[in-house]
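The following exercises concern the reading of a single structure. Each consists of a task and a solution worked step by step.

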Amino acid sequence: MRQPANLPLLMKRFILDRSLLDRGDHVIAGVSGGADSVAMLRTLAGLRAELGLGLTAVHINHNLRGAQSDADELFVKDLCEALNVSFISVSADVPGYSKQNKISVEDAGRRLRYMHFENIRAELSAQKIAVAHNKDDNAETVLMNLCRGAGLAGVCGITARRGAVVRPALCLTRAQITGWLHDNDFAYRTDESNTDSSYTRNFLRGGVMKELARRFGSGVCETVARGSSLLQADEEYLREQASLALKKSSVVKKGAVALKTDALLSLHEAILGRALHAALCEAAGGPSGIGQNHVDLLKRLLANRSGKGLDMPGGVRAEIEYGFLLLRRRIEKKSGAFYYPLILNSDEPLYIPETGTCMRAVLENENEPQYDRPVTNKICTIVLNRDTIADTLCVRSRRPGDTVFIAGVGRKKLQDFFIDKKIPRDERDAAALIASGADVLFIFGMSGISAVQAGAPGGKKITVYAGE
């Protein structure tokens, strides 16, 4: 005879052992109306006083089953009234979202659920989001990920906690949950679509898992849960090592995640892949759309140590430059070059949008006019033949044929100077230059050139001032 499980006690112990909830937490509980979420909601409602919890139930109407979907929503609303639990319902256009994003209905429903859960959590300043996955769900996930070629992280299955999301029913099997509900005559809703084997999870649940239970015994889900728990510990350790390796290989570089290629290539394969995934997620602002195929592409780029850059998810561009793997968001380039004449002793300072500064050029030993907007920071002194450059001094972007004068070296191509200075390609076009003809006299933010025009002995000094 079946021994009924003390489900509230089992769930409470799991919550405390895994530190899923803290005293005083406000919990957003996702409740579909099915057996798992009803059992979770009833248990959390019973623990409110003991753990000092705030509790809000959120039901997402997926609009997939017409009147049945509306009936699910009404059932959850009535249940919350009976339990004195705050209730929020959200209508989600799952079919439309699926079509718009070219993803399966299953994936669309999952993404929309978590998006709405997180939005409501933020609105209510809640600490946790509770969802009702169980041991059977975990075993199905492990098998599904294995069949899709997932790595260790995928075979780890479902975790009891990830960020703000907690799974207090993960310690229970589906049989334990439905048995407890039946023993206590607690109603729940049954989604007829759960028997539709065209959905991958339903195929595993209704066919593969039943066959495995017949072959290996009814405790197969428990066995998978133990195995995935051990693998989770291994994955956690590898992620920690990858994080440490990432810190050691990182350098500070404005606007990019910059990693030393030699340091990356010295890593074990298991650590390298996780480090690259973490770096790519950081550059992209999140993991959305980033898969193993993108990590493999980065590995190939690293192995070659050069080559064309790669476009990654999240608008990230990956490139190898001067011994670094650079991951940075692509920036829309401004159309066309820029050019601003820099008139000597002008009554008004010149504003340069590309540098965000105002500038003025003053011929020394002449009376300085008064300016409405002072510009007081001296940035360079240029020695030039005043008669030949008075009307041609300018601030502009680079052009083919530009040259610079290097003290002790002589004149060289600006392109070669940029290469010597290891200036990334996308920064070269954006550089603001002070120039006279093809002679580059000053580059904002860079040093190493002399602001002296060759062949101008006895030239007069022009001082350039800049300020915000």
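**Exercise 1. Characterise the salt bridge between Arg274 and Glu235 and place both residues in the secondary structure.**

Solution.
Step 1. In this predicted model, the side chains of Arg274 and Glu235 form a salt bridge with an N to O distance of 2.7 Å.
Step 2. Arg274 belongs to helix 12 (residues 269-284) and Glu235 to helix 10 (residues 220-249), so the bridge ties together parts that are 39 residues apart in sequence.
Step 3. The relative accessibility of Glu235 is 5%. Buried means under 20%, and Glu235 therefore counts as buried.

**Exercise 2. Describe how helix 10 and helix 12 pack, giving distance, angle, handedness and contact residues.**

Solution.
Step 1. Two packed helices are described by the angle between their axes and the distance between the axes.
Step 2. For helix 10 and helix 12, the axes come within 8 Å and cross at roughly 70°.
Step 3. Angles of 65 to 115 degrees count as roughly perpendicular, so helix 10 is roughly perpendicular to helix 12.
Step 4. The crossing of the two helices is right-handed.
Step 5. On the side of helix 10, the contact is made by Glu235, Leu238, Arg239, Gln241, Ala242, Ala245 and Leu246. Helix 12 contributes Ile271, Arg274, Ala275, Ala278 and Ala279. Both partners of the salt bridge in Exercise 1, Arg274 and Glu235, appear among these contact residues.

**Exercise 3. Determine the surroundings of two further residues of helix 10, Thr223 and Ser249.**

Solution.
Step 1. Thr223 lies in helix 10 and is partly exposed, its relative accessible area being 44%.
Step 2. Thr223 and Lys135 are separated by 88 residues in sequence, while their C-alpha atoms are 9.8 Å apart in space.
Step 3. Ser249 is also located in helix 10; with 1% relative accessibility, Ser249 counts as buried.
Step 4. When residues up to four places away in sequence are not counted, Ser249 touches Ala258, Leu259, Lys260, Ala263 and Leu264.

**Exercise 4. Analyse the salt bridges Arg189 to Asp72 and Arg110 to Asp107 with respect to sequence separation and exposure.**

Solution.
Step 1. Side chains of opposite charge can pair when their charged atoms come close.
Step 2. In the pair of Arg189 and Asp72, the closest N and O atoms are 2.6 Å apart. This pair links distant parts of the chain, 117 residues apart: Arg189 is in the loop between helix 8 (174-183) and helix 9 (200-216), and Asp72 is in helix 3 (residues 67-83).
Step 3. Arg189 has a relative accessible area of 24% and is partly exposed, whereas Asp72, at 8% relative accessibility, counts as buried.
Step 4. The salt bridge of Arg110 and Asp107 has an N to O distance of 2.6 Å. Both residues lie in helix 5 (residues 105-124), with a separation of 3 residues, about one turn of the helix.
Step 5. Arg110 counts as partly exposed, at 40% relative accessibility.
Step 6. A search of the whole structure finds 20 salt bridges.

**Exercise 5. Which values of phi do Lys102 and Ser125 adopt, and where are these residues placed?**

Solution.
Step 1. Lys102 has phi near 55°, a positive value in a residue other than glycine. Its place is the loop between helix 4 (94-101) and helix 5.
Step 2. Lys102 is exposed, with a relative accessible area of 79%.
Step 3. For Ser125, phi is likewise near 55°, a positive value in a residue other than glycine. Ser125 is in the loop between helix 5 and strand 4 (128-130).
Step 4. At 54% relative accessibility, Ser125 counts as exposed, given that exposed means over 50%.

**Exercise 6. Summarise the overall composition, burial, contacts and surface of the protein.**

Solution.
Step 1. The protein contains 16 helices and 21 strands.
Step 2. It has 468 residues, of which 43% count as buried.
Step 3. Of the contacts with a separation of 6 or more, 68% involve residues 24 or more positions apart.
Step 4. The protein exposes about 24,800 Å², and carbon and sulfur atoms supply 51% of this area.

Methods: Residues are numbered from 1 along each chain as its sequence is written. This is a predicted model: local features need pLDDT of at least 70, side-chain atom pairs count only at pLDDT 80 or more; totals for chains, interfaces and linings use all residues. Side-chain values use heavy atoms; hydrogens and water are left out. Helices (H or I, at least four residues) and strands (E, at least two) are DSSP runs, numbered from the N terminus. Buried means under 20% relative accessible area, exposed over 50%, partly exposed in between (1.4 Å probe, protein chains only). Contact means heavy atoms within 4.5 Å. Accessible areas come from the Shrake-Rupley method with a 1.4 Å probe; for residues, only the protein chains shown count as cover. A salt bridge is a side-chain nitrogen of Lys or Arg within 4 Å of a carboxyl oxygen of Asp or Glu. Axes are lines fitted to C-alpha atoms, for helices over the stretch in contact, and angles run from 0 to 180 degrees between N-to-C directions. Angles under 35 degrees count as roughly parallel, over 145 as roughly antiparallel, 65 to 115 as roughly perpendicular and the rest as oblique. A crossing is left-handed if the near helix is turned anticlockwise from the far one by less than a right angle, and right-handed if clockwise.
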